[in-house]
Amino acid sequence: MKSNAVLSICLIGIFLSQGPVFGATVCVSNETELLSALHNAANNNEDDAIQIVEGTYIGEFVYSSPNAFTLEILGGYQIGCATRNPDPTATVLDGKEQYRPLGLVSTAVNPGADFAIDAVTIQN
């Protein structure tokens, strides 16, 4: 009986020491994958991180959710997202002056949505 209590305490300690838990961490390498990742993040009712492979992505990329969850958009990844170059000029979201390159909206009744963008250039 005593050994079960020790095991439970150890498991709780491991869970608490892991930091924030994200619902999904997705690696994307083209416009279609980025659009899909934003749509899925807006609808999965969890915190998410989207890792973007270096390159230029042309279009209108929108996250709109009725919920208040954390979304991280992180650029500068190499193919497969195992390594990262944090230079923001390596990952570009470009609207070509025709689109809004990035829109992040939470319409949650209770505020609390957090958005973080790192190593991404948003232009035109």
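In which strand does Asp94 lie? Asp94 is part of strand β6. The legends below describe close-up views of a predicted model.

**Figure 1. The protein chain contains 2 helices and 9 strands.** From start to end of the sequence, the elements follow the pattern α-β-α-β-β-β-β-β-β-β-β. The protein chain has 124 residues, and 28% of them count as buried. Among the contacts with a separation of 6 or more, 70% are between residues 24 or more positions apart.

**Figure 2. Asp94 in strand β6 is buried and has no salt bridge.** The nearest side chain of opposite charge belongs to Lys96, at 4.0 Å. Which residues does Asp94 touch, if neighbours within four places in sequence are left aside? Asp94 is in contact with Thr56, Tyr57, Ile58 and Gly59. Its other contacts of this kind are Pro101, Gln123 and Asn124.

**Figure 3. Strands β3, β6 and β9 form an open sheet.** The order of the 3 strands is β3-β6-β9, and their pairing is parallel. Strands β3 (55-58) and β9 (121-123) are at the edges; each has a single partner strand, so one side of each has no neighbour in the sheet. On average, neighbouring strands of this sheet are turned by 20° against each other, direction ignored. Strand β6 covers residues 91-94 and pairs with β9 over 3 bridges, in the parallel sense. Within this pairing, Leu93 has Ile122 of β9 as its bridge partner.

**Figure 4. Strand β2 pairs with β1 and is covered on both faces.** The pairing of β1 and β2 is parallel and runs over 5 bridges. Val28 has Ile52 in β2 as its bridge partner. Strand β2 spans residues 48-53, and 6 of its 6 residues are buried. In a regular strand, side chains alternate between the two faces of the sheet. Asp48, Ile50 and Ile52 are on one side of β2, and Ala49, Gln51 and Val53 are on the other. The residues on both sides are all buried.

**Figure 5. Ala24 is located in strand β1.** This strand runs over residues 24-28. Is Ala24 buried or partly exposed? Ala24 has a relative accessible area of 22%, and buried means under 20%, so Ala24 counts as partly exposed. Apart from neighbours within four places in sequence, Ala24 is in contact with Asn44, Asp47, Asp48 and Ala49. Two of these, Asp48 and Ala49, are also buried residues of strand β2. Ala24 and Ala37 are 13 residues apart in sequence, and their C-alpha atoms are 9.3 Å apart in space.

**Figure 6. The structure holds 1 aromatic pair.** Tyr63 and Phe115 form this pair, and its geometry is edge-to-face. The ring centres are 5.6 Å apart, with 80° between the planes. Tyr63 is in strand β4 (residues 61-65) and Phe115 is in strand β8 (residues 114-118), so the pair ties together parts that are 52 residues apart in sequence. Tyr63 is buried, at a relative accessible area of 1%. Phe115 is partly exposed, at 33%.

**Figure 7. Arg100 forms a salt bridge with Glu60.** The closest N and O atoms of this pair are 3.6 Å apart. Which parts of the chain does the pair link? Arg100 is in the loop between β6 and β7 (102-106), whereas Glu60 is in the loop between β3 and β4. These residues are 40 residues apart, and the pair links distant parts of the chain. Arg100 is partly exposed, with 46% relative accessibility. Glu60 is also partly exposed, with a relative accessible area of 37%.

**Figure 8. Asp118 and Arg84 meet in a salt bridge through their side chains.** The distance from N to O is 2.7 Å. Asp118 lies in strand β8, and Arg84 lies in the loop between β5 (70-77) and β6. This pair links distant parts of the chain, 34 residues apart. Asp118 counts as partly exposed at 36% relative accessibility, and Arg84 is partly exposed with a relative accessible area of 32%. The structure holds 2 salt bridges.

How values were computed. Residues are numbered from 1 along each chain as its sequence is written. Side-chain values use heavy atoms; hydrogens and water are left out. Helices (H or I, at least four residues) and strands (E, at least two) are DSSP runs, numbered from the N terminus. Buried means under 20% relative accessible area, exposed over 50%, partly exposed in between (1.4 Å probe, protein chains only). Contact means heavy atoms within 4.5 Å. Rings of Phe, Tyr and Trp (its six-membered ring) pair if their centres lie within 6.5 Å; planes under 30 degrees apart count as stacked, over 60 as edge-to-face and the rest as tilted. Two strands pair if DSSP finds at least two bridges between them. Axes are lines fitted to C-alpha atoms, for helices over the stretch in contact, and angles run from 0 to 180 degrees between N-to-C directions. Lys and Arg count as positive and Asp and Glu as negative; His and the chain ends are not counted.
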